[in-house]
Amino acid sequence: MDRSWISNSDRLSAEYENGVGEFVTFVRGSLDVQGLTKCPCNRCMKHEVHQIDSVRYHLLIYGFLKDYIHWTEHGEQSNPQVLLGSPIQDTPPCMNEQDDEMAEALRDAAGHAYDIGSSLDLLSDMRPPAEQAWYDKLFEELHNPLYNDCMKFSALTFIVKLMNVKFLYKWSDRSFVALLKLLHEALPVGNRCPKSYYETRKLLCDVGLGYEHIDVCKHDCTLFHNEHKDDDVCPICGVSRYVRKKIPHKRLRYFPITPRLKRLYSSKHTARAMRWHKEQRLEEDGKLRHPADGEAWKKFDSLYLEFAGDPRSVRMGLASDGFNPFSHMSTSYNIWPVILIPYNLPPWLTMHRSNYLLSLLIPGLKSPGKD
């Protein structure tokens with residue numbers, strides 16, 4: 001049986017499409033009572049079950065697991081004679097429990113379409129090519145052993161654990177680079193240990209969670225953003241945007257909120273929690289357990305019925321405070337973080353610092369004004 005189409009990277013080719021059709025036809029005979037089956041695409045990796053039409057769509061969009069040649073988890077009783085360039089194992093030798101956890105985290109971050117009820121329509125199966133390529137690279141590193149015949153670590157797991165130790169014990173960049181070089185030399189030839197800190201960070205850089213520089217008028221009149229992004233002088237007070245040679249008087253850092261809100265709804269662990277205030281909160285007269293029990297929340301709901309009718313509508317609180325990042329009280333430099341707190345979550349999650357969304361870092365001696 002020819003299954004060489006599995007390794008075909010051209011998912012638009014007739015060979016690949018026909019191969020997917022062959023797999024779908026084969027699997028129809030082994031569906032469960034609900035018509036579900038494990039999906040062997042590069043995102044689900046046989047960890048999730050879907051309707052057969054959804055499985056076909058995933059395979060066409062995300063590709064077929066290249067190491068899943070013998071379809072034993074879909075009713076194949078014995079290993080058939082398959083035509084391939086070289087023998088491939090059903091399971092990567094380096095995959096273990098910690099890699100399974102890493103794979104689950106990646107699927108959450110990638111916006112995997114878990115069965116999370118009414119939130120599915122918020123998720124798009126298509127994403128910008130650059131972002132998709134980044135996730136594909138991470139999944140590839142997750143399936144590659146650190147070196148040939150390594151049974152304990154994939155390349156990605158090893159890198160993540162190294163970075164965790166670095167930050168946990170506050171290693172300097174220079175000491176970390178020295179360790180990377182030593183490990184690269186000590187491990188067998190052909191190992192996938194990065195040689196520099198730059199390579200490590202390049203692999204693990206945040207997707208959609210970076211920040212943007214926005215120049216600010218010297219007198220806080222204007223943000224040089226959107227229609228004013230190319231202006232050299234403030235349209236209100238007329239003061240130059242720059243001190244000299246394209247160096248702005250002030251510059252804030254904006255951390256886009258939308259990608260992080262999408263992440264909250266892309267993960268099976270947080271999507272339901274984001275609807276908790278509407279679907280699971282216990283309402284009892286005279287009890288104030290959550291902002292949704294307050295009069296302000298109820299008043300807002302009465303004014304904006306369409307917004308209030310969707311339990312996925314996000315409500316957030318805003319907090320800001322100034323601090324001296326250099327810890328020298330004699331230094332007159334301050335910076336003001338602006339933090340958003342999602343109120344959709346239950347109380348024990350709302351105030352957990354892992355759910356705080358840093359939206360702005362504003363430099364200056366004084367608190368940002370309302371205007």
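Two strands count as paired if DSSP finds at least two bridges between them. The exercises below apply this criterion, and others, to a predicted model.

**Exercise 1. Determine how strand S3 is joined to strand S7, and place both in their sheet.**

Step 1. Strand S3 covers residues 212–216 and strand S7 covers residues 250–254, and five bridges join them, so the requirement of at least two bridges is met.

Step 2. The two strands run antiparallel, and individual partners can be read off: His213 has Arg253 of S7 as its bridge partner, while the partner of Val216 in S7 is Lys250.

Step 3. S7 also pairs with strand S10 (residues 357–363), again in the antiparallel sense, over two bridges; here Tyr254 stands opposite Leu360 of S10.

Step 4. Assembling the pairings gives an open sheet of six strands in the order S4-S3-S7-S10-S9-S8, with antiparallel pairing. Its edge strands are S4 (223–224) and S8 (316–320), each of which pairs on one side only.

**Exercise 2. Describe how helices H1 and H2 cross, and classify the residues of their contact.**

Step 1. The axes of H1 (residues 14–27) and H2 (residues 52–62) come within 10 Å and cross at roughly 155 degrees.

Step 2. Angles over 145 degrees count as roughly antiparallel, and H1 and H2 are therefore roughly antiparallel to each other; their crossing is right-handed.

Step 3. H1 contributes Tyr16, Glu17, Val20, Phe23, Val24 and Val27 to the contact, and H2 contributes Ile52, Val55, Arg56, Leu59 and Leu60. Sorted by character, these residues comprise nine nonpolar, no polar and two charged.

**Exercise 3. Carry out the corresponding analysis for helices H5 and H6.**

Step 1. The axes of H5 (residues 155–168) and H6 (residues 173–186) come within 11 Å and cross at roughly 145 degrees, and the crossing is right-handed.

Step 2. On the H5 side the contact is made by Phe158, Leu162, Met163 and Lys166, and on the H6 side by Asp173, Phe176, Leu179, Leu180 and Leu183.

Step 3. The division by character is seven nonpolar, no polar and two charged.

**Exercise 4. Identify which parts of the chain the salt bridge of Lys38 with Glu73 ties together.**

Step 1. Side chains of opposite charge can pair when their charged atoms come close. For Lys38 and Glu73 the closest N and O atoms are 3.0 Å apart, to be compared with the cut-off, which is within 4 Å.

Step 2. Lys38 lies in strand S1 (residues 36–38), whereas Glu73 lies in the loop between H2 and helix H3 (97–109), so the pair ties together parts that are 35 residues apart in sequence.

Step 3. A search of the whole structure finds 15 salt bridges.

Terms used: Residues numbered from 1 in each chain as written. Predicted model: local features only at pLDDT ≥ 70, side-chain atom pairs only at ≥ 80, totals over all residues. Heavy atoms only, no water. Axes fitted to C-alpha atoms, helices over the stretch in contact; angles between N-to-C directions. Helix = DSSP H or I, 4+ residues; strand = E, 2+ residues; numbered from the N terminus. Parallel < 35°, antiparallel > 145°, perpendicular 65-115°, else oblique. Left-handed = near helix turned anticlockwise from the far one by under 90°. Contact = heavy atoms within 4.5 Å. Nonpolar A, V, L, I, M, F, W, Y, C, P; charged D, E, K, R; others polar. Salt bridge = Lys/Arg side-chain N within 4 Å of Asp/Glu carboxyl O.
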